[in-house]
Amino acid sequence: QVQLVESGGGLVQAGGSLRLSCAASGLTFSTYLMGWFRQAPGKEREFVAAITGNGVSTYYADSVRGRFTNSRDNAKNTVFLQMNALKPEDTAVYYCAACSREWRCTSGIPNRYPYWGQGTQVTVSS
């Protein structure tokens, strides 16, 4: 039973920060690439960031590079997304996802990730 549970979303003013967490269970966490995606109403789910199982390599969408930082604590089976300098365009439901085939998932194609959390809402006001 793989479970991913996101937390840390909320309402923040433009320019502010939030840190999202994703707690994983039911998988050998350190062997999984962990990805973050977001979806705004009426829009396609889009890739945000990913981090390899050992935490050495990270990947970011151009829209968030330099503002968001992906990290993980394998001892706690948790991945984090630190979001700084938030913009209204960042408003979306943010999802955590897990992928066991890192080479296949670093491109950020959502359907290549078999495990997903329930999402957490991030709202950035102007």
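## The four-stranded sheet

In this predicted model, strands β3 and β8 pair in the antiparallel sense over six bridges. Two of the residue pairs along this seam can be named: S21 has F80 of β8 as its bridge partner, and A23 stands opposite T78, also in β8. On the β1 side, five bridges join β1 to β3, again with the two strands running antiparallel, and here E6 stands opposite C22 of β3.

These pairings belong to an open sheet of four strands, whose order is β1-β3-β8-β7 and whose pairing is antiparallel. The edges are taken by β1 (3–7) and β7 (68–73), and because each of them has a single partner strand, one side of each is left without a neighbour in the sheet. From one strand to the next, the twist of this sheet averages 15°.

## The nonpolar core

The largest nonpolar core comprises 36 residues, and those with the most contacts inside it are M34, L81, M83, Y94 and Y113. Two or more residues each are given to this core by β3 (18–25), β4 (33–39), β5 (46–51), β8 (78–83), β9 (92–99) and β11 (120–125). The largest share, six residues, comes from β9. As a general background to such a grouping, nonpolar side chains in soluble globular proteins tend to be buried together.

What does M34 touch, once residues up to four places away in sequence are set aside? The contacts of M34 include L4, C22, F29 and V79, together with A49, A50 and I51, and further C96, A97 and A98. N70 and R72 are also among the residues that M34 touches.

## N70, a buried polar residue

N70 lies in strand β7, one of the two strands at the edges of the sheet. With a relative accessible area of 5%, N70 falls under the 20% limit and therefore counts as buried. Its side chain makes a polar contact with the side chain of W36, at 3.4 Å, while the backbone oxygen of A50 lies 3.4 Å from a polar atom of the N70 side chain.

Not counting residues up to four places away in sequence, N70 touches M34, W36, A49, A50, I51, T58, Y60, V79, F80 and L81. Two of these residues have already appeared above: M34 and L81 are among those with the most contacts inside the largest nonpolar core.

## Salt bridges

A search of the whole structure finds four salt bridges. Which residues pair with R38? R38 forms a salt bridge with E46, the closest N and O atoms being 2.8 Å apart, and the side chain of R38 also meets that of D90 in a salt bridge, with an N to O distance of 2.8 Å. The pair of D90 and R38 links distant parts of the chain, since D90 is in the loop between β8 and β9 and R38 is in strand β4, 52 residues apart. R38 is buried at 5% relative accessibility, and D90 is likewise buried, with a relative accessible area of 2%, whereas E46, at 36% relative accessibility, counts as partly exposed.

Elsewhere, the side chains of R65 and D62 meet in a salt bridge of 2.5 Å, N to O. R65 counts as partly exposed at 47% relative accessibility, and D62 is exposed, with a relative accessible area of 68%. Salt bridges that share partners join R38, E46, R67 and D90 into one network. In general terms, side chains of opposite charge can pair when their charged atoms come close.

## Two residues with positive phi

Most residues other than glycine have a negative phi. Against that background, N77 has a positive phi of about 50° although it is not a glycine, and A85 has a phi near 50°, a positive value in a residue other than glycine.

Where do N77 and A85 lie? N77 lies in the loop between β7 and β8, and A85 lies in the loop between β8 and β9, the loop that also holds D90. Buried or exposed, or in between, how do N77 and A85 count? At 25% relative accessibility, N77 counts as partly exposed, and A85 is partly exposed as well, with a relative accessible area of 37%.

Terms used. Residues are numbered from 1 along each chain as its sequence is written. This is a predicted model: local features need pLDDT of at least 70, side-chain atom pairs count only at pLDDT 80 or more; totals for chains, interfaces and linings use all residues. Side-chain values use heavy atoms; hydrogens and water are left out. A nonpolar core is a set of buried Ala, Val, Leu, Ile, Met, Phe, Trp, Tyr and Cys residues joined through side-chain atoms within 4.5 Å. Buried means under 20% relative accessible area, exposed over 50%, partly exposed in between (1.4 Å probe, protein chains only). Contact means heavy atoms within 4.5 Å. Two strands pair if DSSP finds at least two bridges between them. Axes are lines fitted to C-alpha atoms, for helices over the stretch in contact, and angles run from 0 to 180 degrees between N-to-C directions. A polar contact is a pair of N or O atoms within 3.5 Å; within protein, one must be able to donate a hydrogen and the other to accept it, and residues adjacent in sequence count only if both atoms are side-chain atoms.
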